[in-house]
There are 2 protein chains.
Amino acid sequence: MKPTISRAAIGRLVLYFRALNLAQEKGMQIISSEDLGKLLDITPVQIRKDLALFGQFGMKGIGYFTGELINQIGNILGLNDHLNMAIVGVGHLGGALANYKNFEALGFKLVALFDKDVRVIGSIVHNIKISDVKNLKSIINSRNISIAAITVPVGEAQSIADLLVDAGVKGIWNFAPTKIIVPPDIHLVNEDLSMGLSTLSYLISKDQM
Amino acid sequence: MKPTISRAAIGRLVLYFRALNLAQEKGMQIISSEDLGKLLDITPVQIRKDLALFGQFGMKGIGYFTGELINQIGNILGLNDHLNMAIVGVGHLGGALANYKNFEALGFKLVALFDKDVRVIGSIVHNIKISDVKNLKSIINSRNISIAAITVPVGEAQSIADLLVDAGVKGIWNFAPTKIIVPPDIHLVNEDLSMGLSTLSYLISKDQM
């Protein structure tokens with residue numbers, strides 16, 4: 001059983017995973033929590049504490065074996081499970097998301113695209129034919145899809161979420177800037193583009209006071 | 001002088017701002033912290049505490065005047081300043097961002113798009129002509145741009161950030177999945193798409209343990 005950790009701690013594990021991959025690309029076979037901390041501007045104590053939740057990693061006085069730790073964090077994050085994902089709504093944002101290169105580096109496989117617009121159904125994006133959203137349930141099942149991104153307009157987000165839940169997805173990644181409601185056993189992550197922008201706005205306006 | 005608050009608190013202010021706008025659209029002229037809390041799944045105590053940092057809002061036993069609080073939170077967040085923004089890199093993601101409707105609802109004005117690809121320079125997206133990134137500095141200045149989104153490939157992100165800093169932007173909204181370095185007086189927000197996806201992956205894999 002994996003321990004329950006905060007979303008902030010999950011976020012740090014993702015950062016470690018990415019930094020370790022970069023370190024490995026540069027040929028670093030061993031890395032200390034101090035070096036990793038410097039790369040990420042996170043204290044070594046925080047790193048050791050986060051990892052200790054999941055077991056004993058690395059060797060005291062030596063550091064972590066980069067490849068091994070990548071594999072272990074990948075397991076913790078479920079990235080080695082290579083989950084299949086779908087995108088519902090292939091407008092500008094859905095199209096951008098479909099072409100986002102990092103999914104596969106993170107172990108996800110984009111296997112379906114859905115839209116309701118007959119003008120785009122059937123066309124190919126990122127080697128995947130866009131399907132009619134009417135066939136969502138059967139395709140979610142036949143392609144064993146566990147994660148779906150919602151990139152439809154606000155007014156359609158909840159009904160698409162309902163369809164996805166009914167079809168059996170386990171996680172929803174919502175890009176529509178609205179609150180959607182899902183049953184408690186379905187995981188929901190809201191991606192909120194206005195948040196980052198408003199944060200910048202606040203920080204800039206604070207300077208000018 | 002505005003108080004220094006955490007990025008989490010800024011995030012909550014954005015949520016309040018949005019929920020209040022929806023409440024106003026529905027004709028609610030007064031809203032209590034309890035009602036606002038229910039809409040957002042945030043405790044009323046948290047809401048009152050966040051707002052108290054910035055002054056005395058609302059009337060005890062009555063609630064907040066919706067329109068007034070929208071205006072006040074807008075001021076706190078700097079959204080009433082109507083900052084001008086630019087997008088550098090008009091590929092899939094930059095194009096999606098350019099068409100993102102919520103910028104203007106939040107008070108931002110997209111006034112410039114840049115790319116280095118001669119095949120797209122000169123074409124029109126969202127009523128804005130794409131400019132050559134070579135002219136970035138003069139356009140950032142002449143159009144009074146304070147925020148720029150970076151939607152270029154990883155390998156170009158730092159050099160674009162350097163150009164933007166040199167041109168005088170105050171805030172950078174980085175979508176390239178890489179660490180960029182800016183001087184301490186420049187505000188940086190990293191938008192990290194792999195974070196949400198990895199969070200979902202962790203939550204789903206945890207269920208299956």
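Start by selecting strand β3 (residues 84-88) of chain A: five bridges join it to β7(A), and the two run parallel. Strands here are DSSP E runs of at least two residues and helices H or I runs of at least four, numbered from the N terminus. Two strands pair if DSSP finds at least two bridges between them. Now click Val88(A); its bridge partner in β7(A) is Ile150(A).

Next, add helix α8 (residues 154-167) of chain A, which packs on the sheet and touches β3, β7 and β8 of chain A. Contact means that C-beta atoms, placed from the backbone, lie within 7 Å. The direction of α8(A) makes about 175 degrees with that of β7(A); axes are lines fitted to C-alpha atoms, for helices over the stretch in contact, and angles run from 0 to 180 degrees between N-to-C directions.

A word on what you are viewing: this is a predicted model, where local features need pLDDT of at least 70 and side-chain atom pairs count only at pLDDT 80 or more, while totals for chains, interfaces and linings use all residues. Residues are numbered from 1 along each chain as its sequence is written, and chains are lettered from A and ligands numbered from 1 in the order in which they are written.

Widen the selection to the open sheet: seven strands of chain A, in the order β5-β6-β4-β3-β7-β8-β9, with mixed pairing. β5 (124-125) and β9 of chain A stand at the edges with a single partner strand each, so one side of each has no neighbour in the sheet.

Finally, show chain B too. The contact takes 44 residues from chain A and 44 residues from chain B. On the side of chain A that touches chain B, α9(A) gives the largest share, 14 residues.

Notes:
Contact = placed C-beta atoms within 7 Å.
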